[in-house]
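Subject: Handover of a structure

Hello,

I am passing this structure on to you, with my notes below it. Please read the two side by side.

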Amino acid sequence: MKPQSLALTQENATPLRLFWLASLSMILIVSQSLMAHARGAPESFADLAERISPAVVNITTSTTVAGRTGPRGVVPEGSPFEDFFREFQDRGGPDRPRRSSALGSGFVISEDGFIVTNNHVIEGADEITIEFFEGFELPATLVGTDPNTDIALLKVEAERPLIYVKFGNSDTARVGDWVMAMGNPLGQGFSVSAGIVSARNRALSGTYDDYIQTDAAINRGNSGGPLFNMDGEVIGVNTAILSPNGGSIGIGFSMASNVVTNVVGQLQEFGETRRGWLGVRIQDVSDDVADALELAEAKGALVSDVPEGPALEAGVAAGDVIVSFDGIDVEDTRQLVRIVANTPVGKTVRVVVNRDGTTQTLKVTLGRREEAQGAVPAAAPVVPDAPEELKTLGLTLSPLTDAIRSELSVPAGMQGLAIMDVDATTEAFEKGLRAGDVITEAGQQAISSIEDLEARIEEARDEGRKSILLLVRSGGDPRFVALSLSDG
């Protein structure tokens, strides 16, 4: 008896066999597709490096440093060695200005010669020279800088279109993605290093910080160079490293491209930045503040002060919690600052606030932050003096008499209660309240007397609250502090 053939043909295939064959083919196709999307360690970075290297540049700056004009000797007057050292110093003649050079990196973002780098690479430079991967050099002019994000934009004039790279979307970069850094580390010339995204949304010290942390080797001289994703798109500008010895230990920081593109666009158009300005002072909503305000969760940005500006004109008030800005949910103050800054000046946006347990939508037309640095808070009415004291919540409080205003340098228009003493064993002390601070609000209502504060505390207790929210001004700067009523 002959064995049956296992081959499936159109003639002997049953519907069941055809079904299983189709299923197996589909499984293989899906598996191959998943493998293609799951990017593992690349076999080599060579093709990517070869393709994008021509757009990466080395930057050399030259600065004139004034000669020494002060005393040059270290020998006391009248010393027997005084004539010897004077003769030695005079041999070289008078100190003359000298040239100082520095090195950095950058990258070309357009065929007509716009180049991005760090502000600290070119700051104070008299001359800027760009060395290209192919070996030629061109002088560069400074278009504009933004010290807040440490970004600078340069321009060169070339006889032919330049090879350039495009920005990618840094928001899509995930922790664990492969990245490649390029630049001029320690002045050694063009160099490539690879690693992964170690962390996202890092903040160092700036207001608008949004750094990508990477373990790709970044050293001195890499500053201003690009951080690429595997598609050859720039997702960051290498800016800083964390190191105990000045060398790379695998903790580098690149300013996210979604911050950089906005800055670069403004520098190209205006030669300067033009950031949106809401006109509020804000602080994060802590758990105890959320409890005091009876919020469902500790999210949003709590408004601690509203000086003259767009927000005041739109009706925003101290004590409001901003929960949404221009259709974007607000998580914390850092996020709100970045969103507002990236919104065009003059745009009218919807700002949703939580006020007294209900939400309100206000329309605010943004101003320009660069023009509002000296804004002065609105003045409040003068309150009469009342010479009395109250001890509560770990605080010794007094109304603002003329003598106290003078002693604490409190503006004449400010109303509230002065903190005369703080019990060092209480929550108030732990949260930073000190003698000399002024409480201007309690329970989100203005206070000007001892009786006002006592009434707010009693109301909070009657409503079953565990804490009361105080608006405190320390050296003129306002912040909200929630204190437990059990200390009263």
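What follows is a summary of what was found, going from the whole chain to single residues.

The model is predicted, so no value below comes from an experiment.

Overall

The chain has 488 residues, of which 42% are buried. DSSP assignment gives 11 helices and 27 strands. Among contacts with a separation of 6 or more, 63% are between residues 24 or more positions apart. The exposed area of the chain is about 25,800 Å², and 51% of that is supplied by carbon and sulfur atoms.

The barrel

Six strands form a closed barrel in the order S7-S8-S9-S12-S11-S10, and the pairing is antiparallel. From one strand to the next the twist averages 45°. Helix H5, residues 257–270, packs on the sheet, where it touches strand S11 (234–241) and strand S12 (252–256). The direction of H5 makes about 50° with that of S12.

Within the barrel, strand S7 (residues 178–183) and strand S8 (residues 191–202) run antiparallel and are joined by six bridges. In this pairing, valine 179 has glycine 195 of S8 opposite it.

Aromatic pairs

There are five aromatic pairs in the structure. In one of them, phenylalanine 133 and phenylalanine 190 have ring centres 5.1 Å apart; the planes are at 80°, so this pair is edge-to-face. Phenylalanine 133 is in the loop between strand S4 (127–131) and strand S5 (137–146), while phenylalanine 190 is in the loop between S7 and S8. The two are 57 residues apart, and the pair links distant parts of the chain. Phenylalanine 133 counts as partly exposed because its relative accessibility is 41%. Phenylalanine 190 is partly exposed as well, with a relative accessible area of 28%.

Another pair is made by tyrosine 211 and phenylalanine 253, with centres 6.3 Å apart and planes at 75°, so it is also edge-to-face. Tyrosine 211 lies in strand S9 (residues 211–214) and phenylalanine 253 in strand S12, so this pair ties together parts that are 42 residues apart in sequence. Tyrosine 211 and phenylalanine 253 are both buried.

After helix H5

Threonine 273 is found in the loop between H5 and strand S13 (276–277). Its relative accessibility is 8%, and threonine 273 therefore counts as buried, the cut-off being under 20%. Its side chain makes a polar contact of 2.8 Å with the side chain of glutamate 370. If residues up to four places away in sequence are not counted, threonine 273 touches Asp146, Val263, Gln266, Leu267, Arg368 and Glu370.

Helix H8

Helix H8 spans residues 333–341 and is mostly covered, with seven of its nine residues buried. The buried residues are Thr333, Gln335, Leu336, Arg338, Ile339, Val340 and Ala341. At the start of the helix, a side-chain oxygen of aspartate 332 comes to within 3.4 Å of the backbone nitrogen of arginine 334.

Strands S22 to S24

Strand S22 (residues 395–399) is joined by five bridges to strand S23 (residues 417–422), and the two run antiparallel. Leucine 395 has valine 422 in S23 as its bridge partner. S23 also pairs with strand S24 (residues 438–442), again in the antiparallel sense, over two bridges. Here leucine 417 stands opposite isoleucine 439 in S24.

Ahead of S24, glycine 432 sits in the loop between helix H10 (427–430) and that strand. Glycine 432 is partly exposed because its relative accessible area is 29%, which falls between the 20% and 50% cut-offs. Leaving aside neighbours within four places in sequence, glycine 432 is in contact with Asp437 and Arg479. Its C-alpha atom is separated by 9.6 Å from that of serine 474, a residue 42 places away along the chain.

Regards

Notes
Residues numbered from 1 in each chain as written. Predicted model: local features only at pLDDT ≥ 70, side-chain atom pairs only at ≥ 80, totals over all residues. Heavy atoms only, no water. Pairing = 2+ DSSP bridges. Helix = DSSP H or I, 4+ residues; strand = E, 2+ residues; numbered from the N terminus. Axes fitted to C-alpha atoms, helices over the stretch in contact; angles between N-to-C directions. Contact = heavy atoms within 4.5 Å. Buried < 20%, exposed > 50% of the residue type's maximum accessible area, 1.4 Å probe, protein only. Areas by Shrake-Rupley, 256 points an atom, 1.4 Å probe, with all protein chains shown as cover. Polar contact = N/O pair within 3.5 Å; in protein donor to acceptor, adjacent residues only side chain to side chain. Phe/Tyr/Trp six-rings, centres within 6.5 Å; stacked < 30°, edge-to-face > 60°.
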